[in-house]
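Please read the report below with the sequence and the model side by side. It begins with charge on the surface and then turns to pairs of side chains, the overall fold and a few contacts across the chain.

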Amino acid sequence: MADLNEDQVERAKFAFDIYDTEGNGQIDAVDLGRVLYALNLNPTLATIEKLGGTKKKGKSKILHQWFPIFFQIMSTDSNTVYEDFLECLKLYDKQEDGTMLGAELHHILISLGERMEESEVNEVLQDCLDAEDEDGFVQYAPFLKKMMTMGQLHKLK
């Protein structure tokens, strides 16, 4: 918790306490993702599972004193996540000018990683993507920044 400021620790405790329905300093592990999403973090389902989250209620508990550690892990990860996504999108930048085909971006969101529904992809693209140029290319870095800033990933889960 040394890297978290006082406000971040308070936010983490508050979010945790909302899901501590029994008031015993524990949450059901099935709620870990919801708590992280409430803190505007965007963990993947695999990350939530790695941190101890479960898909079934009652399988295990997360103790109050451990939650700020999860928050710290996730909050320090956001810049790394952006850089990782940016590097992946650069693979589709054939002209090496910061653009890629809008159709390719649409296809990536539908078919790779944790797949999104067509309606979810359309919503994200409408909210975060600038208009395509006359050749169908889009700037992918501004799209990625908008998407992460707006928290679109956690709203869609």
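Glu96, Asp97, Glu132, Asp133, Glu134 and Asp135 gather on the surface in a patch of negative charge. In such a patch, each residue has over 30% relative accessible area and no salt bridge, and like charges are joined within 9 Å. Lys and Arg count as positive and Asp and Glu as negative, while His and the chain ends are not counted. The place of a charge is taken as NZ of Lys, CZ of Arg, CG of Asp or CD of Glu. The accessible areas themselves come from the Shrake-Rupley method with a 1.4 Å probe, and for residues only the protein chains shown count as cover.

This is a predicted model, in which local features need pLDDT of at least 70 and side-chain atom pairs count only at pLDDT 80 or more, whereas totals for chains, interfaces and linings use all residues. Residues are numbered from 1 along each chain as its sequence is written, and side-chain values use heavy atoms, with hydrogens and water left out.

Two members of the patch can be placed in more detail. Glutamate 132 is found in the loop between helix H7 (118-128) and strand S4 (137-139), where helices (H or I, at least four residues) and strands (E, at least two) are DSSP runs numbered from the N terminus. With a relative accessible area of 46%, glutamate 132 is partly exposed; here buried means under 20% relative accessible area, exposed means over 50%, and partly exposed lies in between (1.4 Å probe, protein chains only). Glutamate 96 is found in another part of the chain, the loop between H5 and strand S3 (99-101), and its relative accessibility of 72% makes it exposed. Glutamate 96 also has a positive phi of about 50°, although it is not a glycine.

How many salt bridges does the structure hold? There are four, a salt bridge being a side-chain nitrogen of Lys or Arg within 4 Å of a carboxyl oxygen of Asp or Glu. As background, side chains of opposite charge can pair when their charged atoms come close. Three of the salt bridges in the structure are set out in the table, including the one between aspartate 31 and arginine 34.

| Acidic residue | Basic residue | Closest N and O atoms |
|---|---|---|
| Aspartate 31 | Arginine 34 | 2.7 Å |
| Glutamate 87 | Lysine 90 | 3.2 Å |
| Aspartate 130 | Lysine 146 | 2.5 Å |

In the pair of aspartate 31 and arginine 34, aspartate 31 is buried at a relative accessible area of 10%, whereas arginine 34 is partly exposed at 43%. Lysine 90 and glutamate 87 both lie in helix H5 (residues 78-90), three residues apart, which is about one turn of the helix. Both ends of this pair are partly exposed, lysine 90 with a relative accessible area of 40% and glutamate 87 with 44%.

Aspartate 130 and lysine 146 meet through their side chains in a salt bridge. Aspartate 130 lies in the loop between H7 and S4 and lysine 146 in helix H8 (residues 140-150), so this pair ties together parts that are 16 residues apart in sequence. Aspartate 130 is partly exposed, with a relative accessible area of 39%, and lysine 146 is likewise partly exposed, at 32%.

The count of disulfides is zero, a disulfide being a pair of cysteine sulfur atoms within 2.5 Å. Cysteine 128 is buried, with a relative accessible area of 1%, while cysteine 88 counts as partly exposed at 43%.

Turning to the fold, the protein chain has nine helices and four strands, and from the N terminus on its elements run α-β-α-α-β-α-α-β-α-α-β-α-α. Of its 157 residues, 39% count as buried.

Some residues that are separated in sequence can also be compared in space. Aspartate 28, in strand S1 (residues 26-28), is buried at a relative accessible area of 7%, and it is 26 residues from threonine 54 in sequence but 8.5 Å away in space, C-alpha to C-alpha. Glycine 136 lies in the loop between H7 and S4 and is buried, with a relative accessible area of 14%. Glycine 136 and glutamate 104 are 32 residues apart in sequence and 9.8 Å apart in space, C-alpha to C-alpha.

Technical notes
Patches are made of residues with over 30% relative accessible area and no salt bridge: like charges are joined within 9 Å, nonpolar side chains (Val, Leu, Ile, Met, Phe, Trp, Tyr) within 5 Å.
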